[in-house]
Amino acid sequence: MTVTAEELEAEGWPIDEQTAHWENGNRGLQQHKFTSASHLCFHLTQKTLREWWPLRHVHDFCLKLCAIYVTVDFAFGRDLALWLWSKWYQPGIPCRFGNFFAKFVVCHYPDSPKRVPDILKAHRRICAQVLLRQLTLTPNDDQPLPKKIDDRVDSLHENHENYRMEDTFHAVFIVIDENLPYEEFLYRVRNDTDALGRISVLLVRTSESHDLKTGPVDFSSVESVSEEVDGNADVRRIALGDAVDFILALHRRNTANDG
């Protein structure tokens, strides 16, 4: 599917080198540009959790269906982003303002949260800051984006109203917590397009589902392909592909009646 410059411009994209990647119809280049520029990891430590973030970090948590917390050294980030793109993207989805399936949060530093209860506390704090910043901008927020980060010279403030946190982001997240043997898994990833979909992860519901139009998150649809962890009904051990399918379905149901 080729997207024209006119369609991009109508959706608010700047017409620059990005256009060339879309107009040439080469999906590989589209994916590379998309994953390399729009979805940089957030490195979560006690320091960064307490900080008042630059507005660009706040925006990067918006328009994502969930967070994926990575508590181990994970050498397949780009492969994972491309695989998630193939699961998430459908013709007609407007690719703008950094929207994507997930925001990656790296938690493998000594003081990063690694246990689910600690990640849950951090997740709630992240959501709280993003929601607060959506409501209130400080004078420092209304500054041009540094040239070294992006070629745009317009103010971050200008497009602020287009950034919002998805309802599903509050309600559920994924944790990648198992080390993968690098050489063995590298071969599998390069030769099996769904190898990443079979890795074991944690799917966690947060109880923060009041914004979901579909009501509280219900895990009954994945009971046959997952197992409860340590007697906690809010945490399921599950294959990544099944977790992604669950969140995509949840998002589609939640937005089914949106205009």
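Helices and strands here are DSSP runs, with at least four residues for a helix and at least two for a strand. By that count, the protein chain has 10 helices and 7 strands. The model is a predicted one. Of the 259 residues in the chain, 47% are buried. Many contacts span long stretches of sequence: among those between residues at least 6 apart, 76% join residues at least 24 apart.

Start with the sheet. Strands of a sheet pair through backbone hydrogen bonds, either parallel or antiparallel. This sheet is open, has 7 strands and shows mixed pairing. Its order is β1-β3-β2-β4-β5-β7-β6. β1 (42-43) and β6 (226-229) stand at the edges. Each has a single partner strand, so one side of each is left without a neighbour in the sheet. For β6, antiparallel pairing with β7 (residues 232-239) runs over 4 bridges. One residue to find is Glu228, whose bridge partner in β7 is Arg236.

Helices pack on this sheet. Helix α10 (residues 240-254) touches β2, β3, β4, β5 (200-205) and β7. Its direction makes about 120 degrees with that of β7. Helix α6 (residues 77-88) lies across β2 (64-70), β3 (100-106) and β4 (172-176). Relative to β3, α6 runs at about 155 degrees.

Now look inside. In soluble globular proteins, nonpolar side chains tend to be buried together. The largest nonpolar core here has 42 residues, and Ile68, Phe101 and Ile174 touch the most other members. Two or more residues come from each of β2, α6, β3, β4, α9 (182-191), β5 and α10. α10 gives the largest share, 7 residues. Follow Ile68 outward: leaving aside residues up to four places away in sequence, its contacts include Leu84, Phe101, Phe104, Val105, Ile174 and Ile176. A second, separate core holds 28 residues, among them Cys107, Ile119, Cys127 and Val175.

The aromatic rings add another layer, with 10 aromatic pairs in the structure. Phe42 and Phe61 meet edge-to-face, 5.3 Å centre to centre, with 65 degrees between the planes. Phe42 lies in strand β1 and Phe61 in the loop between α5 (55-60) and β2, so the pair ties together parts that are 19 residues apart in sequence. Both Phe42 and Phe61 are buried. The rings of Tyr69 and Phe173 have centres 5.2 Å apart and planes at 75 degrees, so this pair is edge-to-face. Tyr69 belongs to strand β2 and Phe173 to strand β4, so their pair joins parts 104 residues apart in sequence. Tyr69 is buried, at 0% relative accessibility. Phe173 is buried too, with a relative accessible area of 0%. Finally, Phe42, Trp53, Phe61 and Phe169 form one aromatic cluster.

Conventions. Residues are numbered from 1 along each chain as its sequence is written. This is a predicted model: local features need pLDDT of at least 70, side-chain atom pairs count only at pLDDT 80 or more; totals for chains, interfaces and linings use all residues. Side-chain values use heavy atoms; hydrogens and water are left out. Buried means under 20% relative accessible area, exposed over 50%, partly exposed in between (1.4 Å probe, protein chains only). Contact means heavy atoms within 4.5 Å. Two strands pair if DSSP finds at least two bridges between them. Axes are lines fitted to C-alpha atoms, for helices over the stretch in contact, and angles run from 0 to 180 degrees between N-to-C directions. A nonpolar core is a set of buried Ala, Val, Leu, Ile, Met, Phe, Trp, Tyr and Cys residues joined through side-chain atoms within 4.5 Å. Rings of Phe, Tyr and Trp (its six-membered ring) pair if their centres lie within 6.5 Å; planes under 30 degrees apart count as stacked, over 60 as edge-to-face and the rest as tilted.
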